[in-house]
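Open the model in your viewer and keep the sequence panel beside it. This tour goes stop by stop: what to select, then what is there.

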Amino acid sequence: MLSKHNGLIMQYNVNSNGVPVSVHIKDETKQVSINHNLIQLEQVPDEFYRLQIVDSQGEKMYEVMDTSDIKDELAYKVDYPHGIVYFHPNKGGEQVS
């Protein structure tokens, strides 16, 4: 199923009836941007299931609801509609899963 939103064209995962569905993606590893302290995910995450992130030291990170709440290195904010994850500036250049 294709959808156009704010100039973005998105293709959703759908079942055999054409209904959008969530697909579990395990172990997607990305490097946090040094300049912007964020990553762009391969697919838009499902807010119902929430995103779980582990840093390069194997520490489980925790989600906050606003970028202003990213006060320690284990916090992150997910922009679910756009598939962007924001991190503490000290995470820039680090690999996260």
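A contact means heavy atoms within 4.5 Å. Among contacts in the chain between residues at least 6 apart in sequence, 47% join residues at least 24 apart.

This is a predicted model, in which local features need pLDDT of at least 70, side-chain atom pairs count only at pLDDT 80 or more, and totals for chains, interfaces and linings use all residues. Residues are numbered from 1 along each chain as its sequence is written, and side-chain values use heavy atoms, with hydrogens and water left out.

**Stop 1: the whole chain**

Color by pLDDT, the predictor's confidence in each residue, from 0 to 100. The chain averages 89, and 90% of the residues score at least 70. Which elements have the lowest and the highest mean pLDDT? Strand β1 (residues 2-5) is lowest at 52, and β5 is highest at 98.

Now switch to cartoon. Helices (H or I, at least four residues) and strands (E, at least two) are DSSP runs, numbered from the N terminus. The chain has eight strands and zero helices. Along the sequence the pattern reads β-β-β-β-β-β-β-β.

Show the surface next. Accessible areas come from the Shrake-Rupley method with a 1.4 Å probe; for residues, only the protein chains shown count as cover. The total for the chain is about 6,800 Å², with 50% of it belonging to carbon and sulfur atoms. A residue is buried under 20% relative accessible area, exposed over 50%, and partly exposed in between (1.4 Å probe, protein chains only). Of the 97 residues, 28% count as buried.

**Stop 2: strand β6**

Select residues 75-79, which form β6. How many of the five residues of β6 are buried? Five of five are, leaving the strand mostly covered. Turn on the side chains. In a regular strand the side chains alternate between the two faces of the sheet. From β6, A75, K77 and D79 point one way, while Y76 and V78 point the other.

**Stop 3: the neighbors of β6**

Two strands pair if DSSP finds at least two bridges between them. Add β5 (62-64) to the selection. β5 and β6 run parallel, joined by three bridges. Y62 stands opposite A75 in β6.

Then add β7, residues 84-87. This partner runs antiparallel to β6, with four bridges between the two. Find K77: its bridge partner in β7 is Y86. The hairpin of β6 and β7 has four residues between the strands. Click on G83 there; its phi is positive, near 70°.

Next, bring in β4 (38-40). β4 pairs with β7 in the antiparallel sense, over three bridges. L38 stands opposite Y86 in β7.

**Stop 4: T67**

Select T67, in the loop between β5 and β6. Its relative accessible area is 42%, so T67 is partly exposed. Which residues does T67 touch, not counting those up to four places away in sequence? The answer is K77 and Y86. Now draw a distance from T67 to D79. Their C-alpha atoms are separated by 9.7 Å, and the two residues are 12 apart along the chain.

**Stop 5: the salt bridges**

A salt bridge is a side-chain nitrogen of Lys or Arg within 4 Å of a carboxyl oxygen of Asp or Glu. The whole structure holds five.

Start at R50. R50 counts as partly exposed because its relative accessibility is 33%. Its side chain meets that of E47 at 3.6 Å, N to O. E47 has 45% relative accessibility, so E47 is partly exposed too. R50 also meets E63, at 2.8 Å, N to O. That pair links distant parts of the chain: R50 sits in the loop between β4 and β5, E63 in strand β5, 13 residues apart. Shared partners join E47, R50 and E63 into one network.

Move on to K91 and E94. They form a salt bridge, with the closest N and O atoms 3.2 Å apart. Are K91 and E94 buried or exposed? Both are buried.

**Stop 6: a nonpolar patch**

Finish on the surface. Patches are made of residues with over 30% relative accessible area and no salt bridge: like charges are joined within 9 Å, nonpolar side chains (Val, Leu, Ile, Met, Phe, Trp, Tyr) within 5 Å. Select V21, V23 and I25, which make a nonpolar patch of about 220 Å². I25 belongs to the loop between β2 (8-11) and β3 (30-31). I25 counts as partly exposed because its relative accessibility is 40%.
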